[in-house]
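Work through the exercises below with the sequence and the model side by side, trying each task before reading its solution.

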Amino acid sequence: MKKTLALILALAMVLSLAACSSSTATTETAAPAAAETTPAPAAEPAKEEAEALYGEGIWDMVLDEKGTTYGDLRKQQVLEEYTELKIICAYAGDLEVELYEDENRDIASYVSAFMTKVGRDKLMQYNISESVIKTLYVNNTIANKVYEAVTLSVDTNVSDAEARRGKYQYIFKAKYKEGDNGERIELSEEDLSTLREKVAEIRTTASGKSDFYNYALLVTDAKEAECYAGSGDFGEISATVMALADGELSPVLETTDGFYIIKCIAAFDEEATAKNKETIVLARQEARFEEMLATWKRNATVETDTEKWKSLNP
């Protein structure tokens, strides 16, 4: 739920006054009425960010045959972000989500810091009041708590077997070469035959090296020669790699892309495995929330004042 400075500003531009403390079948999103906004356009913060990154003129660059501009896409992103935020907040009451005193104090601190960073003159230019920024931070805080409530029941138990990550060093020789324009050019059968012989010689030499890693860096076609990997990470040769014991060197392993010679440094790396457990739990939580959010979106009736939204152009 974290937002960049420009996105917070852009979202603030489309902030409506609809409450987000109870679940309803209808979630309305609308740009502020024309009478409520003077010259500064809603998309301007996002436009400034885009031009700072990509150069002047990017906002009006046409991207497809329909005449869609970069600005159109960015504005649509802002609208979708805000609509999603409103839908999530609409279910806070059903999940008994509320803000506590310390959270409200934190929000007040965030709002104050934001106002200082952006500057009140800039905010006046965008027609953004402190109350609008506060409402946005409140909504984001509620949305985060809704996420926590939805994912609270997710199973956080991950076995070592499921999360296992090992440390490996490897040599990779490609079955292809890169053309002048960066295109991939497959080796001929004759060149492949020569390469197979060369890889076999490399494997023989590697087996006698006490410093496999530095030798690998000298002969590999890959950018690196060391990695942490788990089940499936080596594709079609994963089962063979995962069966290697500490210190064991694999035979030459052929894949669609090339040849590997892999040395197992540690079949079970405790730190990497622990981090992978966190990744697995996070993936489960994300999946649970996305499933719930998809249901909420299907059940929501979203009303957008299209004409007012279209009128907000830099």
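**Exercise 1.** Is E101 buried or exposed, and what is its relative accessible area?

*Solution.* The model is a predicted one, in which local features need pLDDT of at least 70 and side-chain atom pairs count only at pLDDT 80 or more, while totals for chains, interfaces and linings use all residues. Residues are numbered from 1 along each chain as its sequence is written, and side-chain values use heavy atoms, with hydrogens and water left out. The classes are buried (under 20% relative accessible area), exposed (over 50%) and partly exposed (in between), with a 1.4 Å probe and protein chains only. E101, with a relative accessible area of 61%, is therefore exposed.

**Exercise 2.** Find the salt bridge that R105 forms with E101, and place both residues in the secondary structure.

*Solution.* A salt bridge requires a side-chain nitrogen of Lys or Arg within 4 Å of a carboxyl oxygen of Asp or Glu. In the pair R105 and E101 the closest N and O atoms are 3.2 Å apart. Both residues belong to helix α4 (residues 101-118), where their spacing of four residues amounts to about one helical turn. Helices here are DSSP runs of H or I with at least four residues, numbered from the N terminus.

**Exercise 3.** Which parts of the chain does the salt bridge between K277 and D160 link?

*Solution.* The closest N and O atoms of K277 and D160 are 2.7 Å apart. K277 lies in helix α11 (residues 270-299) and D160 in helix α7 (residues 160-163), so that distant parts of the chain, 117 residues apart, are linked. K277 is partly exposed at 24%, and D160 is partly exposed at 42%.

Definitions and conventions:
Helix = DSSP H or I, 4+ residues; strand = E, 2+ residues; numbered from the N terminus.
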